[in-house]
Amino acid sequence: MQQIKNPNPDSLSPVGYYVSDKEKKAKFYKHESHIYKQGPLSGVKAGVHKLTNDIFTYFPKGFSGSKNSDFYEYLSLGMVPYIIGSAMLIALRCAANKNFNQADSAAAGEIAKRAGAGVVLYGIGKWLSQKVSRALVHHSTGIPLDMRYIKKVNEVPEPGREKGLVRTQYPGVYDSVDFYRKDLLAKDGELNYHNVYHHSDIAAKKAGYKNKLNASNQTMNPKIKELKSRETALENISKYVSASLGVALGFQKAFGKIKIKEPKSYIYALKNGFIQLWQGTNRNLITKHYGKALIIGSVLSALLTWIIPSKEFKKHENTLKSTVDTTKEYEVG
């Protein structure tokens with residue numbers, strides 16, 4: 001903060017104060033929830049933060065009945081049963097190996113590797129499907145559905161816990177259809193672009209509004225809600241189609257040949273696993289073609305999750321509000 005002299009002698013005080021944009025931003029970012037700079041590893045950072053807090057913070061809080069447990073923590077805990085269940089599935093496959101003869105132990109080991117691959121590829125399939133469709137939606141509409149923000153959570157005092165504790169969470173700006181964080185988008189536009197409508201202006205341009213709207217958020221807010229609603233509905237289908245593909249791929253014979261300490265064997269398994277899944281087996285019509293159906297269905301569902309919401313987003317009614325040329329002057333009678 002800099003002190004400056006007021007040149008107007010008739011003002012109440014001869015001294016004023018000027019706060020730079022950099023200082024305003026630093027103060028706001030320190031104490032308030034805010035959108036942070038997004039990068040390729042933003043999702044990874046949030047995922048690691050969630051996982052570590054699931055184990056060491058959220059689960060103990062919830063189990064103890066803490067009144068500071070919230071909905072974000074509840075949803076985040078979904079990763080815990082997935083990890084525990086996956087580990088148990090793999091462990092059960094390996095547990096009895098020591099009681100088998102050499103040939104049976106090798107066969108059981110291959111099955112365990114395929115089960116492990118299926119578990120891992122299940123998660124990768126869900127994640128990748130979402131990332132691809134959301135990236136395409138962002139490109140077409142200007143709406144970054146993966147955008148995250150830093151949420152500062154002030155916990156209320158509890159017996160035996162630190163008082164005045166402030167926790168950090170990494171929710172998505174567009175996680176909620178009805179209550180996505182329009183306030184943080186406006187604040188981010190104000191602090192970084194000197195325009196509270198910055199994010200909705202980008203969306204309006206992508207939606208096909210050629211002239212800049214006076215208050216683009218009024219037009220775009222309902223359209224963003226519709227986009228998110230459609231995308232979420234389709235994404236929930238697409239993710240599990242891709243997850244099913246991951247499981248089926250992991251259980252192909254190629255993944256049983258993986259050598260844990262040889263990275264090249266993973267590439268070999270992935271390549272040959274896709275070939276084996278596509279070819280299927282000749283036992284019956286289903287086993288012959290189910291792999292093709294999963295691969296094609298996974299690609300198609302991801303594309304539809306992008307195409308349908310984006311196409312509807314760019315439709316707008318030919319209303320008076322949209323047909324008036326805001327660059328011209330009109331006489332009001």
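Okay, a definition to start: helices (H or I, at least four residues) and strands (E, at least two) are DSSP runs, numbered from the N terminus. What we have here is a predicted model, so local features need pLDDT of at least 70 and side-chain atom pairs count only at pLDDT 80 or more, while totals for chains, interfaces and linings use all residues. Residues are numbered from 1 along each chain as its sequence is written, and side-chain values use heavy atoms, with hydrogens and water left out.

Let's do pockets. On a 1 Å grid over the protein atoms alone, a pocket is an open set of points with protein on both sides within 12 Å along at least five of seven lines; a cavity is a set where a 1.4 Å probe fits but cannot get out; and lining residues have an atom within 4 Å of a point. For volumes, grid points are joined across faces, edges and corners, and we take the space filled by probe spheres set on the points.

The second largest pocket holds about 600 Å³ of space. It has 27 lining residues, and the closest to its centre are Leu121, Ile124, Gly125, Leu249 and Leu270. Which helix gives the most to that lining? That's α5, with 11 residues. Helices α5, α8, α9 (263-279) and α10 (285-313) each supply at least two. By class, you get 20 nonpolar, six polar and one charged. Here Ala, Val, Leu, Ile, Met, Phe, Trp, Tyr, Cys and Pro count as nonpolar, Asp, Glu, Lys and Arg as charged, and the others, Gly among them, as polar.

Now the cavity side. There's one cavity of 30 Å³ or more, and the largest has a volume of about 30 Å³. Its lining is Phe28, Tyr29, Ser33, His34, Ile35, Leu184, Lys187, Asp188 and Leu191. That splits into five nonpolar, two polar and two charged. α1 (21-31), β3 (34-35) and α6 each bring at least two residues, with α6 giving the largest share, four.

On to salt bridges, meaning a side-chain nitrogen of Lys or Arg within 4 Å of a carboxyl oxygen of Asp or Glu. The count by that rule is 13.

One of them involves a residue we just met: lysine 187 pairs with glutamate 190, at 3.8 Å, N to O. Both sit in helix α6 (residues 182-193), three residues apart, about one turn of the helix. Are they buried or exposed? Neither, really: glutamate 190 is partly exposed at 37% relative accessibility, and lysine 187 is partly exposed too, at 26%. For reference, buried is under 20% relative accessible area, exposed is over 50%, and partly exposed is in between (1.4 Å probe, protein chains only).

Next, arginine 134 and glutamate 235, with the closest N and O atoms 2.9 Å apart. Arginine 134 is in helix α5 (residues 102-141) and glutamate 235 in helix α8 (residues 216-250), so this pair ties together parts 101 residues apart in sequence. Arginine 134 is buried at 10%, and glutamate 235 is buried at 4%.

Last pair: glutamate 155 with lysine 61, 2.8 Å between the closest N and O atoms. Glutamate 155 is in the loop between β4 (149-154) and β5 (166-169), lysine 61 is in helix α2 (residues 42-63), and they are 94 residues apart. Glutamate 155 counts as buried at 8%, and so does lysine 61 at 2%. Both belong to a network of salt bridges that links Lys61, Glu73, Glu155 and Arg167.
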